[in-house]
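Please look through the model shown below before reading on. The report that follows moves from rings to strands and then to a pocket.

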Amino acid sequence: MPSARRVLFPATACSAALMFALFHGSAAQPQSAPPEQKKTVPPAQQPSPMGGISSAGSFAPVYDAEKRPITAGGFVDAGQVVFADASKSSRLATWQHVMGTSQKQYILETDGSGVGLIDYDNDGWLDIYLVNGSTYDALSGKKASPHAALFHNNHDGTFTDVAAKAGVANDRWGFGVAIGDYDNDGWPDIFVCNFGKNRLYHNNHNGTFTDVAERAGVTLGNWSDGATWGDYDGDGRLDLFVSGYVHYNLAHQPTATDGSVAFAFCQLHSVPVMCGPHGLPGEPDHLFHNNGDGTFTDVSMKAGVSDPGAYYGFTAIFVDVNNDGRVDLLVANDSEPNYLYVNNGDGTFADRSYVSGFALNKDGREIASMGLAVGDYTNSGMLDLLVTDFSDDFKALYRHDPDPEEVSFTDVGDEAGITQMAVPFVGWGAGFPDYDNDGWKDILMVNGHVYPQVDRHDWGTTFHQRPLLFRNLGNGKFAYVPPVKGSGLATLTSGRGAAFGDLFNDGKIDVVISPIDGPPVLLRNVNPDRHHWVELRLIGAAEAKTGRKSPRDAIGATVYLTANGMRQREDVMSGGSYISSNDQRPHFGLGDATDAGSAEIHWPSGAIETVKLPAPDRIYTIRESAGIVAALCSGKPCSSGTAPK
């Protein structure tokens, strides 16, 4: 998250939508923390005599024709409508996210929460889990706690909140969520990161869940932010990684005037705002090994991912970055270098953060990394990475270099064409959805400010901001898609978490956004293209000839689809975007092709299978070593030999 810093430089016009001088947020040091635990500002970012720290520089505010800041303007009267705002019609808007007070005096109140897409009842339709925050009155027992939501998919475009009945209301101060079937019983479970003890909701197979975190040994207890499931040691059981953010003392929350944090980190344009994260001790990360008996063992130090610097960790993802068949680990850290851990195959990881180029951006600086998207946007067969961060800084697009001997990335945001428009926005959730099913992954960023004070000053920015969509041109570049008035892209919200998936089983990727202090936003994909597509639901085998095993939900699998003259890649992941969890069914756009092609599946067990897909516009269930075992057409079981409608 950001750090309030006043930056006084001459404003310079930067050819497009660039905005006022802000760096990324700050939080404060609990008074009870020992001095030696306090974070220090990197030498290159020491406070200036004016009390500020620069990031990429200072940019002139950008306004639209109606004199609105571009973060809440820039709408066009006509054009292609990609998303419709279905928040009310879907009934998601009946629920509200709450986190602290509206004044946002403390960093605990500002980060927001994640979204998890989960088919919790195995009916073939994605449901939605929305983590909620809390209030100080709720923590002290003076008022009832805000509750999380589990929205059951009614198959008709609407959802019903069944969180209370399901037992997943989570009466704690919630942040991230990760979905995974950790006990291989065929039913997805929910891990929730909290300030305080975490939750592990075990699926009871009857529409209800039981919190087993205490017995499992994964509660931790201070501030957990993001999480990801992945089988790092190939035993067929999902392990759990949890990123720590700030070691926070609720009894001594810092303010701009109490002296516990340098004032430079607690002001914006000479106006006091919340402090942090610089000046606060960080909370270390944790890797929990799945023991196979319902319990987990913390192996962080043994595995080499203990985060000894206690960086401010946000979004984490297990995924195979170097194409060796084993999941590696990515961690987006706020205002500090990002982590890339390469799996050694022996239960340990090698820290390749700096040598890979992922630790820093193209200018050699750490950024306020918040959201993290993973996908092969160049169709090269190698994964690329998108990182969102604070305003007045460049969102980073790390293209995987074509070097078979080394994991190496280059930040190409400028040449890809995504930096200028995104600079004024405070970015959180992020994804690579192929919104038009042309076979090329596009980019969507969810945005929202952290300081409510910005709405009371003429600083050229807003608290509520609109999403940003960029269309992949297929040549390494992206084109900005302007928001049409009244469409989903014109929706203003204080966005935080976001999850991407096919909510209506129509082959189009939708987006669920969790704001801070407000109702969720459902961007339903209504793009008018008639392109074809396929989706795959993968089921891993308990036993495999390789000696390794696959988790039942196949998290960690990689799929290459050869169709329409191109070869695309999708990975099954838990975690991502901004402390959220996306649809785990690999989705492929086919363009105008009517041949669905062949899927080359690299299972977590190490087995590789090629499956010919009979027809497009279907959701295929594929079981390891058994091939296609079921298919959905228009959300219903396909009739043999019948083309989907």
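## Rings, strands and a pocket

The charged end of Arg567 is placed over the ring of Tyr560, at 4.1 Å from the centre of that ring. This statement, like the others in this report, concerns a predicted model. A second arrangement of this kind involves Arg524, which lies over the face of Phe504. The table sets the two side by side.

| Charged residue | Ring | Distance from the ring centre |
|---|---|---|
| Arg567 | Tyr560 | 4.1 Å |
| Arg524 | Phe504 | 3.6 Å |

Rings also pair with one another, and the count for this model comes to 26 aromatic pairs. One of them is formed by Tyr245 and Phe314, whose rings are stacked, with 4.6 Å from centre to centre and 15 degrees between the planes. This pair links distant parts of the chain, since Tyr245 belongs to the loop between β11 (239–244) and β12 (267–268), Phe314 belongs to strand β16 (residues 313–319), and the two residues are 69 residues apart. Are these two residues buried or exposed? Tyr245 has a relative accessible area of 0%, so it counts as buried, and Phe314 is buried because its relative accessible area is 0%. Both residues also belong to one aromatic cluster, whose members include Phe175, Phe195, Trp223, Tyr248 and Trp428.

Strand β14 (residues 286–290) holds His289. This histidine counts as buried because its relative accessibility is 16%, which is under the cut-off of 20%. In sequence His289 and Ala303 are 14 residues apart, while in space the distance between them, C-alpha to C-alpha, is 9.8 Å.

The next part of the picture is a sheet. It is an open sheet of 4 strands, arranged in the order β24-β25-β26-β27 with antiparallel pairing. Its edge strands, each of which pairs on one side only, are β24 (427–431) and β27 (478–480). From one strand to the next, the twist averages 25 degrees. At one end of this order, strand β26 (residues 468–472) and β27 pair in the antiparallel sense over 3 bridges, and Arg471 has Ala479 in β27 as its bridge partner.

Which residues lie nearest the centre of the largest pocket? They are Asp119, Asn122, Arg537, Leu538 and Arg585, and they belong to a lining of 28 residues. The space in this pocket is about 620 Å³. Two or more residues of the lining come from each of β2 (115–118), β31 (532–539), β37 (618–623) and β38 (627–633).

Three of these strands can be followed further through their pairing. Strands β31 and β37 pair in the parallel sense over 6 bridges, and there Glu535 has Ile619 of β37 as its bridge partner. Strands β37 and β38, by contrast, run antiparallel and are joined by 5 bridges, where Thr621 has Ala630 of β38 as its bridge partner. The hairpin of β37 and β38 has 3 residues between the strands, and in this hairpin Ser625 takes a positive phi near 70 degrees. Why is β37 described as largely enclosed by the rest of the structure? The reason is that 5 of the 6 residues of β37 are buried. Strand β37 thus appears in this report as a contributor to the pocket lining, as a parallel partner of β31 and as an antiparallel partner of β38.

Definitions and conventions
Residues are numbered from 1 along each chain as its sequence is written. This is a predicted model: local features need pLDDT of at least 70, side-chain atom pairs count only at pLDDT 80 or more; totals for chains, interfaces and linings use all residues. Side-chain values use heavy atoms; hydrogens and water are left out. Rings of Phe, Tyr and Trp (its six-membered ring) pair if their centres lie within 6.5 Å; planes under 30 degrees apart count as stacked, over 60 as edge-to-face and the rest as tilted. Buried means under 20% relative accessible area, exposed over 50%, partly exposed in between (1.4 Å probe, protein chains only). A charge sits over a ring if NZ of Lys or CZ of Arg is within 6 Å of the ring centre and within 35 degrees of the ring normal. Two strands pair if DSSP finds at least two bridges between them. Axes are lines fitted to C-alpha atoms, for helices over the stretch in contact, and angles run from 0 to 180 degrees between N-to-C directions. On a 1 Å grid over the protein atoms alone, a cavity is a set of points where a 1.4 Å probe fits but cannot get out, and a pocket is an open set with protein on both sides within 12 Å along at least five of seven lines; lining residues have an atom within 4 Å of a point. Grid points are joined across faces, edges and corners, and a volume is the space filled by probe spheres set on the points.
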